[in-house]
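Subject: Structure handover and findings

Dear colleague,

Please find below the structure I promised to pass on to you, followed by an account of what turned up when it was examined. I would be glad if you could read the notes with the coordinates open beside them.

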Amino acid sequence: PHAYHSTAFLIEYRGKYLLYFGDTSSDFLESKKHLETIWKKIAPLIQNKNFYGILLECSFAHADAPNAIYGHLDTKLMMREMHHLAEISQSSLEGLKVIVTHRKESLKKETDALSKIEEELRAFNDLNIEFIFPAQGDRIIL
């Protein structure tokens, strides 16, 4: 995002793939389309059912997102990117496992930011993606 660098890893194990992102900015906010390049790379894997899932950060609920998000996604931006992935892959993302990482706590008193992110993603999830919201130390089996 902007002048900062981030990383994504496409991991292969026995012919199946998992995609891991570090901090992520939406292509809809950036001049370069880095995510689109990645979506095009994994589209055939989704089409051929060789794709386990994605670890993708969603730092804020849309309702609580700062006016300028640098290098992070909120819930609406995450879903917008998932729609873009569905378009590019020309595939249903129903059942795709997306492990939601890097959720940020709120500094506001009486605010449960982590639950709000979950609630919004579930409400916006018209693609029937299987969102997984791990707690620290959780073991996840795909």
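Strands here are DSSP runs of E with at least two residues, numbered from the N terminus, and in that sense Glu130 belongs to strand β5. Please keep in mind throughout that this is a predicted model.

Let me begin with Glu130, since several findings meet there. Its relative accessible area is 36%, and because buried means under 20% and exposed over 50%, Glu130 falls into the partly exposed class. Apart from neighbours within four places in sequence, Glu130 is in contact with Gly95, Leu96, Lys97 and Val98. The C-alpha atoms of Glu130 and Gly95 are separated by 5.1 Å, although the two residues are 35 apart along the chain. With Lys97 there is a salt bridge, in which the closest N and O atoms are 3.3 Å apart. This pair links distant parts of the chain, given that Lys97 sits in strand β4 and Glu130 in strand β5, 33 residues apart. Lys97 is itself partly exposed, at 23% relative accessibility.

The salt bridges come to 5 in number, and two further ones lie within helices. In helix α1, Lys40 and Glu36 are 4 residues apart, about one turn of the helix, and their side chains meet in a salt bridge at 3.3 Å, N to O. Glu36 is partly exposed, with a relative accessible area of 21%. In helix α3, Arg122 and Glu118 are likewise placed 4 residues apart, about one turn of the helix, and the closest N and O atoms of their salt bridge are 3.5 Å apart. Glu118 counts as partly exposed at 24% relative accessibility, and a network of salt bridges links Arg103, Glu118 and Arg122.

Which charged side chains, on the other hand, are buried yet have no salt bridge? Glu57 is one of them, the nearest side chain of opposite charge being that of Lys104, 6.9 Å away. Since a salt bridge requires a side-chain nitrogen of Lys or Arg within 4 Å of a carboxyl oxygen, the pair of Glu57 and Lys104 does not qualify. What the side chain of Glu57 does reach is backbone: the nitrogen of Thr24 at 3.0 Å, and the nitrogen of Leu73 at 3.3 Å. Not counting residues up to four places away in sequence, the residues that Glu57 touches include Gly22, Asp23, Gly71, His72, Met78, Thr101 and His102. Glu30, in the loop between β2 and α1, is another buried residue without a salt bridge, and the nearest side chain of opposite charge, Lys33, is 8.3 Å away. The side chain of Glu30 does, however, make a polar contact of 2.5 Å with the side chain of Ser25.

Glu57 is found in strand β3, which covers residues 51-57, and β3 is mostly covered, with 6 of its 7 residues buried. β3 pairs with β2 in the parallel sense over 4 bridges, and Tyr20 stands opposite Leu55 in β3.

As for the interior, the largest nonpolar core has 32 residues, among which Ile54 and Met82 touch the most other members. At least two residues of this core come from each of β2 (16-21), α1 (34-47), β3, α2 (75-89), β4 (97-101) and α3 (113-124), and α2 gives the most, with 6 residues. Leaving aside neighbours within four places in sequence, Ile54 is in contact with residues including Leu18, Phe21, Trp39, Met82, Leu85, Leu96 and Ile99.

Finally, there are two backbone angles that you may wish to look at. His102, in the loop between β4 and α3, has a phi near 60°, a positive value in a residue other than glycine, and His102 is partly exposed with a relative accessible area of 37%. Asn128, in the loop between α3 and β5 (130-132), also has a positive phi of about 60° although it is not a glycine, and Asn128 counts as partly exposed at 44% relative accessibility.

With best regards

Terms used. Residues are numbered from 1 along each chain as its sequence is written. This is a predicted model: local features need pLDDT of at least 70, side-chain atom pairs count only at pLDDT 80 or more; totals for chains, interfaces and linings use all residues. Side-chain values use heavy atoms; hydrogens and water are left out. Buried means under 20% relative accessible area, exposed over 50%, partly exposed in between (1.4 Å probe, protein chains only). Lys and Arg count as positive and Asp and Glu as negative; His and the chain ends are not counted. A polar contact is a pair of N or O atoms within 3.5 Å; within protein, one must be able to donate a hydrogen and the other to accept it, and residues adjacent in sequence count only if both atoms are side-chain atoms. Contact means heavy atoms within 4.5 Å. A nonpolar core is a set of buried Ala, Val, Leu, Ile, Met, Phe, Trp, Tyr and Cys residues joined through side-chain atoms within 4.5 Å. Two strands pair if DSSP finds at least two bridges between them.
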